[in-house]
Amino acid sequence: MERALTLTKTTIGKKAIMALSGVAMLGFVVGHLAGNLKVFSGPEAFNEYAVWLRTVPALLWGTRLVLLAAVAAHMASAFSLWSRNRGARKNRYAKKKDLATDYAAKTMYWSGPILLFYILFHLLHLTFGGMIWTDGAALFGFEGYTWAHSNPYNNMVIGFTHWPVVVPYVLGVCALGIHLFHGIWSAFQSMGANHPRYNHLRRDLAIALAVFLTLGFLSIPAAAMMGWIEPTTQTFYYPELEPAPVTVP
Amino acid sequence: MKTKNLTLHVWRQRGPNDSGDFERYVAKDVNEHMSFLEMLDVVNEDLLENGDEPIAFDHDCREGICGMCGVVVNGYAHGPQERTTACQLHMRQIFELGWDELWIEPWRATSFPVIKDLAVDRGAFDRIIQAGGYISIRTGSARDANETPIPKDVSDAAMDAAECIGCGACVAACPNASASLFTAAKISHLGLLPQGQAERTDRVRKMVGQMDHEGFGSCTNHGECEKACPKGISIDWIARMNRDLLKAMTTSADDIEERD
Amino acid sequence: MANTELKSNEPTGPIEDRWRLHKQNSDLVAPHNRRKRTVIIVGSGLAGGAAAATMGELGYKVKCFCFQDSPRRAHSIAAQGGINAAKNYQNDGDSVYRLFYDTVKGGDFRSRESNVYRLAELSVNIIDQAVSQGVPFAREYGGLLANRSFGGALVSRTFYARGQTGQQLLLGAYSALARQIEAGTVEMFPRHSMQDLIVHEGKARGIVTRNLINGKVEAHIADVVILATGGYGNVFFLSTNAMGSNCTAIWQAHKRGAFFANPCYTQIHPTCIPRSGEYQSKLTLMSESLRNDGRVWVPRNKEDVTKDPKKIPEEDRYYYLEERYPKFGNLVPRDVASRNAMYVCDDGLGVGPELDGERRAVYLDFKSAIERLGEDTIRERYGNLFEMYERITGDDPYKTPMMIYPATHYTMGGLWVDYNLQSTIDGLFVGGEANFSDHGANRLGASALMQGLADGYFVLPFTVGDYLGRNRLKDQAPLEQDDKAVTDAVAGVEAKLKALANAPEPTHSPDYFHKKLGNIIWKYCGMARTAEGLKKAIEEIPKLREQFHREVKVTGDTDGFNQTLVKAARVADFLELGELMCIDALAREESCGGHFREEHVIDMEAKRDDEHFQHVAAWEHQGEPSAAALHKEPLEFEYVKPTQRSYK
Ligand SMILES: Cc1cc2nc3c(=O)[nH]c(=O)nc-3n(C[C@H](O)[C@H](O)[C@H](O)COP(=O)(O)OP(=O)(O)OC[C@H]3O[C@@H](n4cnc5c(N)ncnc54)[C@H](O)[C@@H]3O)c2cc1C
Ligand code: FES
């Protein structure tokens, strides 16, 4: 046998990869939201949660590696299918009417990249912030919005009172919601998880999760803007959060 | 009896390598009881009378069962009526929508090259079936038909999938020109039945391999195919095909060859 | 050489042993020799598809042709009702003998007993074969196969797959065919139309085809040729057949020496949707089961024919079937129902739209059934038929009576074949609706699918093998592409097509002539025939044919995809066959089955003349349809003794 047909070569295999990597990322997103909602429990709780993450490097790096792989696989498959699907209809219709598909499904190739760009921005802001900025430096050139390594709470809450942070965030979260609305349902379908008895639940679950996550993430800037959560004047010092030197275990 | 004049924009293309374009025609005194194809017949008679070449389009049974007809009308595969092939579409449906102008296009998919005007080559579908869309049983070697009882719901489900007429509307309607609904319907029809179990693992791998090899797009779960399908074949079969393929490829001991 | 004595080659002895003994005494081809023998099969319907799959499986080199874009679209796909088989799963007393008996009787004693018995015998194997291929026949809750009764039979022996039995059976045969294409034993030629038969030293040795995509005319050489090209019902222009159904293959074979048997035997189905206008391109069949609950009527008074049927009071309705046939009422056989619809319309009582100055439709009314059983029951029984009716006509049959009218549905006539399904040309075999065998003068419901599959799966692979076994490769005259028999045939087809594309005074489309022909045949050689009418038709058809060749208009390239040219070539053949049909109908001075001569009736019913017409009429071509010579194959009835039928 010259070349064996392997799963990853098939379109269905690629969709399965997208589904699995999507589920991995979805898992992260859920955890991420759960952690971030700690912001409502006050600066101390939130900052200590950030510290706790650093104290379990296996978890942190494990998650990061899995996520990185998931993102890479998700993107590679998406790109491969996208270019294939474009080739599958070289001549377009003059008129084409959609009967079943929805906005979310049609914009996956937009919401995906938007999400990607947002994530890069988000990482630059909050994760790599520590590497780029030094304590006390004005973030994004804003008066009064200064970086503090040991105070992620403030880095976040103050950020959410500044529109250049809020606008991309809101856009990113909306893209996430829309992406998930189709993505979750689609993952069931791609993995062949269907049964006439439970099929209707797949859409319901997709809607519920997408709405819950979107509202959950939006609640934080909303609260910050409304003043329900406020920057703290307390000072924190956690060696785990201070920049140098970054050690890879 | 209502009659009406309609403006038609019909895709005319001399052959697979011609770029093609829309031509404008007026269909005069279209009668509401005409079928859509009969309306085209009348336009063609006029064209012929005037020494022009009639519009080429495929059709045979005109009863919605052979799957030979198929055009896109104002963006709808097989026209706007649900669960209806182009040959069974009647002009009263078009009148009711108040349409005076019709854009008539062929199925557009790279794997369905245009032969002429509205007629396309759907040989790819046959090749998908040839790759494994059968139960291998030599003539004369069958056991008594009632020897294997099949629960009625299983048999009914197999029939639901087997109703596919192979017209290609699913490909035409899919934003990705995917042949998943067609392929899944056949895989499910055979895979549901006890007789189809022996080859189930190979069948799904071979048929999906061929489907991909033909250059169809992938399924991204839009559901357009199901709505366009004149037989209402469900996209649940696509999920079933996915499950069968994932299982086959992750659990079978040996590989199958990639098509070339 | 041509078998002019019409030897049926039936085995003798007890009827139940004939096929078995025949097989035992036949020749076979050794497996390693099979791949050296090329078998051409024209047609991919139930008969052709099944034969191609089976012969491929046996190891022959098979070339299969169809004019559609895929073998799966052959017209067999359209059969709705079901397929008979003497399984006796219902324990209601069915048997091979009973199916045989019903079929001979149903055929009005004009078929060959040995063939029919074999058909009934093989019916059982067909169901086994189909089920193992994955054909999803209807089942009972216990998981076993369901049956229904069909066409007035006293037993339930019809197997069905919803309203798509033909589709499912064809997909079964098609999948078996696909398997052989994949295995490399069958080469499939879709979008190819057979235009001529190549006869070399008295034997059928190939065909000439036109590639419908690029217009190429090519010769294909083989050791044996099988035609399974379906019926010729489209000679009527309007019929329930698919648009592409044609007689070209069998007609050209006829012109090369194959006798044409009983061309006048055509079946008219009583429940079709009537014409709605001049533009009508085909007619749609509504299942006969509708007559179980629908009542057929027309207004008693001519003034009422345009009135809203719901406003016509009961006493002004003429339930003509119930009044004329009190015993069977609306359930009289197909031909009786059809003819009576024609009579009431002839009397000016027809309803529906006026076309050519006539109204040709009768009501099929479900009002009393709905009152009696409730709309839900009716919906359950006929829901999808009512839907189909509404889709086509725009009328809701729950509210207003359906309109129906008879339409041509099936042709019992076809190329003459012997017990081996071999025609009068050596090496030319014919199966399915294309041959004349098995159904006599009238076909029973659900038996065409059975015949197509019996021929394809079980008879032809065997009898063709016997022929090849007897005609060994080394004894066979070599035939190459440059042989005169081949080049002449190709040149003939090219010339014929060129002439059609370049008529001297191009004026009218092929359809224009086809419609005219259809009108003539429908009027004079349709449901009721008279010597006078037939003579008129025999006069008119050659004139129309002559006008056709002068005035037919074909535009576009001849060497490309050209549907007008394809149509013109088909109409040219129908114009010849139509004449032979009328000649045959005129010669058959009796009424039997689908052939009803108004001169031969008792009590308004068909009157057979067994003394003079208990034979197959097989016509030999002699230059012109009008010059055809009649040969008779006498029919013997050893088992089922002829009786006159009565439905009064
Ligand atoms: C509407 C309808 C309903 C019916 N319902 C029933 C039913 O319920 N039960 C029943 O038993 N019977 C039924 N019949 C009859 C039955 O369907 C047919 O008689 C039977 O299917 C014929 O099969 P076949 O294989 O002989 O031919 P077909 O299926 O007609 O196949 C003909 C094949 O020959 C090919 N061909 C024809 N001409 C050429 C050419 N010139 N060159 C190349 N290829 C050619 C075609 O492409 C096709 O592949 C019905 C018929 C109709 C019209
Ligand atoms: S022509 Fe057969 S399905 Fe439309």
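**Exercises: the A–B interface and ligand 1**

In this predicted model, R3(A) and E258(B) join their side chains in a salt bridge, 3.3 Å from N to O.

**Exercise 1.** Work out how the R3(A)–E258(B) salt bridge fits into the wider A–B interface.

*Solution.* Start with the distance: 3.3 Å from N to O passes, because the cut-off is 4 Å. Next, tally the charged links: the rule turns up three salt bridges across the interface of chain A and chain B. Polar contacts come next, with 35 residue pairs, both partners at pLDDT 80 or more. On the chain A side, the elements giving two or more residues are α1, α3, α4, α8 and α9. Sort that side by class and you get 16 nonpolar, 15 polar and 13 charged residues. Finally, zoom out: 44 residues of chain A and 55 of chain B take part, and the two chains bury about 4200 Å² between them, 54% of it on carbon and sulfur atoms.

**Exercise 2.** Find out which chains surround ligand 1 and what its polar atoms meet.

*Solution.* Chains first: the site is shared, because residues from both B and C surround the ligand. The shell holds 38 residues, with S44(C), Q68(C), S76(C), M194(C) and E433(C) the closest. Now go atom by atom. A ligand oxygen sits 2.8 Å from a polar backbone atom of S44(C). A ligand nitrogen is 2.7 Å from a polar backbone atom of M194(C). For N246(C), the side chain puts an N or O atom 3.1 Å from a ligand nitrogen. Then check burial: alone, ligand 1 exposes 1000 Å², and the protein buries 98% of that. Which element gives the most to the shell? That's β6(C), with three residues. By class, the shell has 16 nonpolar, 19 polar and three charged residues.

How values were computed:
Residues are numbered from 1 along each chain as its sequence is written. Chains are lettered from A and ligands numbered from 1 in the order in which they are written. This is a predicted model: local features need pLDDT of at least 70, side-chain atom pairs count only at pLDDT 80 or more; totals for chains, interfaces and linings use all residues. Side-chain values use heavy atoms; hydrogens and water are left out. Contact means heavy atoms within 4.5 Å. Buried area is the accessible area (1.4 Å probe) that two parts lose on being put together, summed over both. A polar contact is a pair of N or O atoms within 3.5 Å; within protein, one must be able to donate a hydrogen and the other to accept it, and residues adjacent in sequence count only if both atoms are side-chain atoms. Helices (H or I, at least four residues) and strands (E, at least two) are DSSP runs, numbered from the N terminus. Ala, Val, Leu, Ile, Met, Phe, Trp, Tyr, Cys and Pro count as nonpolar, Asp, Glu, Lys and Arg as charged, and the others, Gly among them, as polar. A residue is near a molecule or strand if one of its heavy atoms lies within 4 Å of it. Accessible areas come from the Shrake-Rupley method with a 1.4 Å probe; for residues, only the protein chains shown count as cover.
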